[in-house]
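Dear colleague,

I am passing on to you the structure shown below. My notes on what was found in it follow, and I would be grateful if you read them with the model open.

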Amino acid sequence: ADIPVIPDLEELQEEDLAMQVAAPPSVQVNRVLTYHDLDKDLMKYAAFQTLDGEVDLKLLTKVLAPEHELREDDVSWNWDHLFTEVSSELVTEWDLGQSERED
């Protein structure tokens with residue numbers, strides 16, 4: 001009476017969950033803040049002046065680098081050029097290490 005039964009392939013095809021597609025979650029997209037907006041908010045709200053009500057962040061906010069100092073131009077990378085540059089630097093360092101050991 002308790003003998004397990006191997007299901008038929010037709011029964012499995014009816015119950016195939018892999019063919020069912022779940023609905024994607026709905027996510028509300030908010031506007032992405034710019035550095036300028038973040039800087040204004042940092043100085044404006046007292047909540048950002050302390051961490052956990054104990055650590056004073058005022059000194060940190062005074063020495064943070066401004067946005068124009070952090071901006072870098074986009075540079076495209078060429079894999080062959082980058083690989084050659086890094087490998088030549090490694091070989092140069094290795095040669096310097098070998099010459100220092102010989103001295």
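L33 counts as partly exposed, because its relative accessibility is 38%, a value between the limits of 20% for buried and 50% for exposed. This residue is found in the loop that connects helix 1 (9–14) with helix 2 (35–44). Together with Y35 and L38, L33 makes a nonpolar surface patch of about 270 Å².

Please note that the model is predicted. The mean pLDDT of the protein chain is 78, and 77% of its residues reach 70 or more. Which elements have the lowest and the highest mean pLDDT? Among the elements of the chain, the lowest mean belongs to helix 1, at 65, and the highest to helix 5, at 90.

As to the overall arrangement, the protein chain has five helices and two strands. Read from the N terminus, the order of these elements is α-α-β-β-α-α-α. The chain has 103 residues, of which 4% are buried. Its exposed surface comes to about 10700 Å², and carbon and sulfur atoms supply 57% of that area.

Helix 5 deserves a separate paragraph. How far apart are the end C-alpha atoms of helix 5? They are 34 Å apart, which agrees with the expected span, because 24 residues at 1.5 Å a residue should also give 34 Å; the expected span takes 1.5 Å times one less than the number of residues. At the start of helix 5, a side-chain oxygen of N78 comes to within 3.0 Å of the backbone nitrogen of D80.

S87 also belongs to helix 5, which covers residues 79–102. A polar atom of the S87 side chain lies 2.9 Å from the backbone oxygen of F83. An α-helix has 3.6 residues a turn, so residues three or four places apart point the same way. Is S87 buried, partly exposed or exposed? S87 is partly exposed, because its relative accessible area is 26%, and this class begins at 20% and ends at 50%.

With kind regards

Methods:
Residues numbered from 1 in each chain as written. Predicted model: local features only at pLDDT ≥ 70, side-chain atom pairs only at ≥ 80, totals over all residues. Heavy atoms only, no water. Helix = DSSP H or I, 4+ residues; strand = E, 2+ residues; numbered from the N terminus. Buried < 20%, exposed > 50% of the residue type's maximum accessible area, 1.4 Å probe, protein only. Polar contact = N/O pair within 3.5 Å; in protein donor to acceptor, adjacent residues only side chain to side chain. Patch = residues over 30% accessible without salt bridge, like charges linked within 9 Å, V, L, I, M, F, W, Y side chains within 5 Å. Areas by Shrake-Rupley, 256 points an atom, 1.4 Å probe, with all protein chains shown as cover. Salt bridge = Lys/Arg side-chain N within 4 Å of Asp/Glu carboxyl O. pLDDT = per-residue confidence, 0-100.
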